[in-house]
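Colleague: Please take a close look at one part of this model for me. I would like the salt bridges, set against the fold and the core.

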Amino acid sequence: MFLTSVLLCNRFGVACACTHPLDLTKVRLQTAEHSPGAPSPSMYTVIRTAISESGYRSLYTGLSASIFRQMTTTLTRLGAYEKIKETLLANGPPSHAQLLLAAMIAGGIGGVVGNPADILFVRIISDSMKPPAQRYNYSSVSSGLMSILRTEGFKGLTRGMDANTASQVGSYDFVKTHLLARPLPLTDYQFRDNILCHVASSTLAGTIATTITSPADVLRARLMAVTSNKSSIEVLRQALREEGPKFLLKGWTPAFIRLGPNTVLMFVFFEQFKRTWRTLFPVDSRA
């Protein structure tokens, strides 16, 4: 199953490259400094500004950090979740509560492993929105890691870790189980365990994940974008005081547009790889 996750993440890296401009827009919306009396930038404004100032290639700023993030966070999260689920299946079908706990544990492990990549991703993407004197100017992922360790120490690699969450894997399993358990209301249509079911489940999972994680995602991005010693509570209080509760959903639209197809691709690929794994290695086909 570990090999399955590795192969999945290779495919997911392609999906990541396709949706990177939306990820870039989301982060820039989340980390944009609030100016009293000035309207908040829109998704269209951020994209138009990036293209007018630096050309279309600027929409792929930080792509290497984005792929690095997926190869660490996603690989760990999916691999850990499947391993935990395999253990639970040894004692019979797991309950929703057990699957939720498995998703939380796997998400936490993935968040810890991928946190340094997340920091680099946020800083590289939001750098152009800062005054020149405040920019990090990381030339690559490796130079960024070395710079953080040199100037902030190991603690710098843990910034925003307390706000790092994951809900895709848990919501996907929850939705898929319910779709397979009973016919759809009003239509009496019964889903089968096929690509249609996987697409429907992952689409709903993407919507749930975008909404649930949006507040933590905004807070995490703001914590990672700066080097000050402000805690997550202090950042939250300041943002609520200056911008109001609506700041918690900043970047929701590009996040959903990006996470929707990304989640669909990820889980459709994942299901197909699991099916192939069961065929090639039937002894391990308990997931």
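Modeller: Read from the N terminus, the protein chain runs α-α-α-α-α-α-α-α-α. That comes to nine helices and zero strands, where helices (H or I, at least four residues) and strands (E, at least two) are DSSP runs numbered from the N terminus. The model is predicted: local features need pLDDT of at least 70, side-chain atom pairs need pLDDT 80 or more, and totals for chains, interfaces and linings use all residues. Residues are numbered from 1 along each chain as its sequence is written, and side-chain values use heavy atoms, without hydrogens or water.

Now the salt bridges. The term means a side-chain nitrogen of Lys or Arg within 4 Å of a carboxyl oxygen of Asp or Glu. By that rule there are 12. Side chains of opposite charge can pair when their charged atoms come close.

One network links Asp23, Lys26, Arg69, Asp118, Asp217 and Arg220. Take Lys26 and Asp23: their side chains meet at 3.4 Å, N to O. Both lie in helix H1, three residues apart, about one turn of the helix. Both are buried, meaning under 20% relative accessible area (exposed is over 50%, partly exposed in between; 1.4 Å probe, protein chains only).

Next, Arg220 and Asp217. Their closest N and O atoms are 2.2 Å apart. They are separated by about one helical turn because they sit three residues apart in helix H7. Arg220 and Asp217 are buried too.

A further pair is Lys85 with Glu82, at 3.9 Å, N to O. Both belong to helix H3 (residues 63–89), again three residues apart. Lys85 and Glu82 are buried.

What does the network have to do with the core? Phe121 touches Asp23 and Arg69, among others, a contact being heavy atoms within 4.5 Å. Its other partners include His20, Val27, Gly62, Ala65 and Ser66, with residues up to four places away in sequence left out.

Phe121 also belongs to the largest nonpolar core, of 17 residues. Such a core is a set of buried Ala, Val, Leu, Ile, Met, Phe, Trp, Tyr and Cys residues joined through side-chain atoms within 4.5 Å. Phe121, Val122, Tyr138 and Ile148 touch the most other members. Helices H1 (2–31), H4 (96–126), H5 (141–152) and H7 (195–225) each give two or more residues to this core. H4 gives the most, with six.
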